[in-house]
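Let's walk through this protein together, one question at a time. Keep the structure in view as we go.

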Amino acid sequence: MKVVAIVGSVREDSYNKKLAKYVQKRYADKFDLEILDLSGLPLYNQDIENNPPEAVTDFKLRVKAADAVLWVTPEYNATIPGVLGNAIDWLSRVEKVMIGKPSWIMGASMGNLGTVKAQAHLRDILFAAGLQSPVLMANEVYVGAVHTKMDEAGDITDEATIAFLDLVAANFQQWMEQTAKTQYA
């Protein structure tokens, strides 16, 4: 199974990038996870949406080719970051590559609530007309106080968090298998 991760941070030392890399490494035997880089995406501009720059075309092609999208979002001002909103704007216009594509969501922050508000907003956004992405529900991953649960290398050190990630990854895999059966039945 091919999954792309869209991380809502371009910061090099981002906890959310580290979380995506941890998922990529830990579950490599379950799915192939490619982490997409949003730093080269230009700001969405309707004037060029029908003939977008190569960075946009490549981004959309990678998402289109994936079986699912893993959204890994920080929380800025109680919502998703602008860089993530910009990526979503590109995905939701012209060739709407997210329609019907399964999504799952996680996020990490130094606060106790993880990214609960950002994930709630993201879930609502993913149901919008230009996206219509089914979301793995009841498997939200909020890694709160991430700085106490992750080492410098980006490995999760908190056993309860690891166990929960293992459960959610297994649920995601099962959900994807069920989704494939119903799509091609």
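Q: How many bridges join β4 to strand β5, and do the two run parallel or antiparallel?
A: Keep in mind that this is a predicted model. Find β5 at residues 141–143 and look across to β4. One spot to check is Met-106, which stands opposite Val-141 in β5. The two strands run parallel, and the number of bridges joining them is 3.

Q: Which strand pairs with β4 over 4 bridges?
A: Look for a partner that pairs with β4 in the parallel sense. A handy marker is Val-69, which stands opposite Ser-103 in β4. The partner covers residues 68–72, and that is strand β3.

Q: Which helix sits in the β-α-β unit made with β4 and β5?
A: On the other side of the story, β3, α3 and β4 make a right-handed β-α-β unit. The unit with β4 and β5 is right-handed too, and its helix spans residues 116–126. That helix is α4.

Q: How many of the residues of β4 are buried?
A: In a regular strand the side chains alternate between the two faces of the sheet. On one side of β4, Ser-103, Ile-105 and Gly-107 are buried, and on the other Trp-104, Met-106 and Ala-108 are buried. With both faces covered, the count of buried residues in β4 is 6 of 6.

Q: Which element gives the largest share of the largest nonpolar core?
A: This core has 29 residues, and those with the most contacts inside it are Leu-19, Leu-70, Trp-104, Met-106 and Phe-172. The elements giving two or more residues to the core are β1, α1, β3, β4, β5 and α5. The largest share is 7 residues, and it comes from α5.

Q: How far apart are the end C-alpha atoms of helix α1?
A: Helix α1 covers residues 15–26, which makes 12 residues. At 1.5 Å a residue, the helix should span 16 Å. The distance in the model agrees with that: 16 Å.

Q: Which residue caps the N-terminal end of α1?
A: Look for a side-chain oxygen by the backbone nitrogen of Asn-16. The two atoms lie 3.0 Å apart. The residue that brings this oxygen is Ser-14.

Q: Asp-13 and Lys-18 meet in a salt bridge; is Lys-18 buried or exposed?
A: The closest N to O distance in this pair is 3.0 Å. Asp-13 has 44% relative accessibility, so it counts as partly exposed. Lys-18 has a relative accessible area of 14%, and under 20% is the cut-off, so Lys-18 is buried.

Q: Why does the salt bridge of Glu-34 and Lys-2 tie together parts of the chain that are apart in sequence?
A: The side chains meet at 3.2 Å, N to O. Glu-34 lies in strand β2 (residues 32–36) and Lys-2 in strand β1 (residues 2–7), so the pair ties together parts that lie apart in sequence by 32 residues.

Q: How many residues apart are Glu-49 and Arg-93?
A: These two form a salt bridge with the closest N and O atoms 2.8 Å apart. Glu-49 is in the loop between β2 and α2, while Arg-93 is in the loop between α3 and β4. The pair links distant parts of the chain, and the separation is 44 residues.

Notes: Residues are numbered from 1 along each chain as its sequence is written. This is a predicted model: local features need pLDDT of at least 70, side-chain atom pairs count only at pLDDT 80 or more; totals for chains, interfaces and linings use all residues. Side-chain values use heavy atoms; hydrogens and water are left out. A salt bridge is a side-chain nitrogen of Lys or Arg within 4 Å of a carboxyl oxygen of Asp or Glu. Buried means under 20% relative accessible area, exposed over 50%, partly exposed in between (1.4 Å probe, protein chains only). Two strands pair if DSSP finds at least two bridges between them. A crossover is right-handed if, with the strands pointing away from the viewer, the path from the first strand over the helix to the second runs clockwise. The expected span of a helix is 1.5 Å times one less than its number of residues. A polar contact is a pair of N or O atoms within 3.5 Å; within protein, one must be able to donate a hydrogen and the other to accept it, and residues adjacent in sequence count only if both atoms are side-chain atoms. A nonpolar core is a set of buried Ala, Val, Leu, Ile, Met, Phe, Trp, Tyr and Cys residues joined through side-chain atoms within 4.5 Å.
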